[in-house]
Amino acid sequence: MAKLRALVAKFPTQAIVFKIEPHHVEDALKRWSKPLPPLDIEFCSTEDPAFGAHAAAADMMIGYRFPTSAIPRKGGALKLIQLTGAGFEHLLPLDWLPRQVALATASGVHAPKLKEWAGMVFLMLHSQIPHFVTAQRMHEWSKAYSSNIAGKTALIFGTGAIGGAIAAAARGLGIQTIGVRRTVQPTRGFDRVIGSDDAAQAVSAADFVILATPLTPATRQIMNADLFARMKPEAGFANFGRGGLVDQEAMIAALEAGKLAGAIVDVTEPEPPPPESPLWDTPRLIITPHVSCDDPVTYIPRTLDIFLDNIVRRTAGRTIRNRVIPGRAY
């Protein structure tokens, strides 16, 4: 059997946690215990003038940011593009994606780390940590109190791998979980699932409102001024998805007016916020620099495991894991 050519598309300025090095690939191949087509693996920078030629010759490719114009529309050997991240809004619209090429994300690799982070966020919001951080910044000795967290309710927008990990963390703390998704159906890890049309009413009763949905044209600023106004003043808000899911001006206004107890966001728009952004000085807002899911030890190994699995699936004509459906933009 002829070797399949697998291309690792290296983005020069990519964070170290996402960089695939030769030793990662070697370790992944050693871990792999199932039958695997023979592979010829090469590395190429996305800024290399020859990147387009390498992409045209490859059967499979893994990367995250790459010039979509380099992907041949016709005649190329490419059958699979595996992303090293869960999001792909930077590649939209997908009109560049040839029909014969399956695009897959790394959804699910984040879950173990994110579950721990989400548990921390729930406890921080419930224990009024955003309040204390702001008080310390203002040199104020300002007390705030909280009861037990068990029995509270979390409304989680998004019931996929990330939303599921957040729900698992919530349930571990005794928090009731309500998931919001396009298609209403029982979903593992959630006590109840509702549709988007019912979200506004559910927001008003939730103790925590959490965003964990992909950013698409339909979900942009899904958390708007109306929903912030509906939240209980003692409720907490967190965003694990993308900054574009939130009307940031509305969030700032709610926090400044004392209509929201606290917020913790791991994502903003843009990233990072410019120095003059009001986000930096918004009271009871904690910003983390998009690190909630990132594990420098396990992230790339888990992603490569998905890539190898999808190579097997693609060559066998089986269903691809985490395949993107272009018409749905997720």
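How many residues does helix 3 have, and how far does helix 3 reach from its first C-alpha to its last? Figure 2 has the answer; first, a word on the model. This is a predicted model, in which local features need pLDDT of at least 70 and side-chain atom pairs count only at pLDDT 80 or more, while totals for chains, interfaces and linings use all residues. Residues are numbered from 1 along each chain as its sequence is written, and side-chain values use heavy atoms, with hydrogens and water left out.

**Figure 1. An open sheet of 7 strands, with parallel pairing.**
Helices (H or I, at least four residues) and strands (E, at least two) are DSSP runs, numbered from the N terminus. Two strands count as paired if DSSP finds at least two bridges between them. Follow the strands here in the order 8-7-6-9-10-11-12. At the edges stand strand 8 (192–194) and strand 12 (285–287); each has a single partner strand, so one side of each is left without a neighbour in the sheet. On average, neighbouring strands are turned by 15° against each other, direction ignored; axes are lines fitted to C-alpha atoms, for helices over the stretch in contact, and angles run from 0 to 180 degrees between N-to-C directions. Within the sheet, strand 9 pairs with strand 10 (residues 236–239) in the parallel sense over 4 bridges. Look for V209, whose bridge partner in strand 10 is F237.

**Figure 2. Helix 3 (residues 111–126) lying across the sheet strands.**
Helix 3 has 16 residues and reaches 22 Å from its first C-alpha to its last, close to the 22 Å expected at 1.5 Å a residue. That expected span is 1.5 Å times one less than the number of residues. The helix lies across strand 6, strand 9, strand 10, strand 11 and strand 12, and runs at about 160° to strand 11. Buried residues (under 20% relative accessible area; exposed is over 50%, partly exposed in between, with a 1.4 Å probe and protein chains only) in helix 3 are L114, W117, A118, G119, V121, F122, M124, L125 and H126. An α-helix has 3.6 residues a turn, so residues three or four places apart point the same way. After helix 3 comes Q128, with a positive phi near 70°.

**Figure 3. The largest nonpolar core, a set of 30 residues.**
A nonpolar core is a set of buried Ala, Val, Leu, Ile, Met, Phe, Trp, Tyr and Cys residues joined through side-chain atoms within 4.5 Å. In this one, L155, F157, M223, F228, M231, F237 and M251 touch the most other members. Elements giving two or more residues include strand 6 (153–157), strand 7 (176–180), helix 7 (225–230) and helix 8 (248–256). Helix 8 gives the most, with 5 residues. Zoom in on L155: among its contacts (heavy atoms within 4.5 Å) are I178, V180, I194, F208 and I210, not counting residues up to four places away in sequence. A second, separate core of 27 residues includes V121, M124, I166 and A167.

**Figure 4. Strand 4 (residues 80–83) and its partners in a second open sheet.**
This sheet has 5 strands in the order 2-1-3-4-5, and the pairing is parallel. Strand 2 (39–45) and strand 5 (102–104) are the edge strands, each pairing on one side only. Neighbouring strands are turned by 20° against each other on average, direction ignored. Strand 3 (residues 60–63) runs parallel to strand 4, joined to it by 4 bridges, while strand 4 and strand 5 pair in the parallel sense over 3 bridges. Q82 is a handy landmark: I62 stands opposite Q82, and Q82 stands opposite A104 in strand 5. The bridge partner of L80 in strand 5 is A102. L80 and Q82 point one way from strand 4, I81 and L83 point the other way, and all are buried.

**Figure 5. Two loop residues, T219 and A257.**
T219 lies in the loop between strand 9 and helix 7. At 12% relative accessibility, T219 counts as buried, and T219 touches T213, P214, G244 and L245, not counting residues up to four places away in sequence. A257 sits in the loop between helix 8 and strand 11 and is partly exposed, with a relative accessible area of 49%. A257 and P283 are 26 residues apart in sequence and 9.5 Å apart in space, C-alpha to C-alpha.
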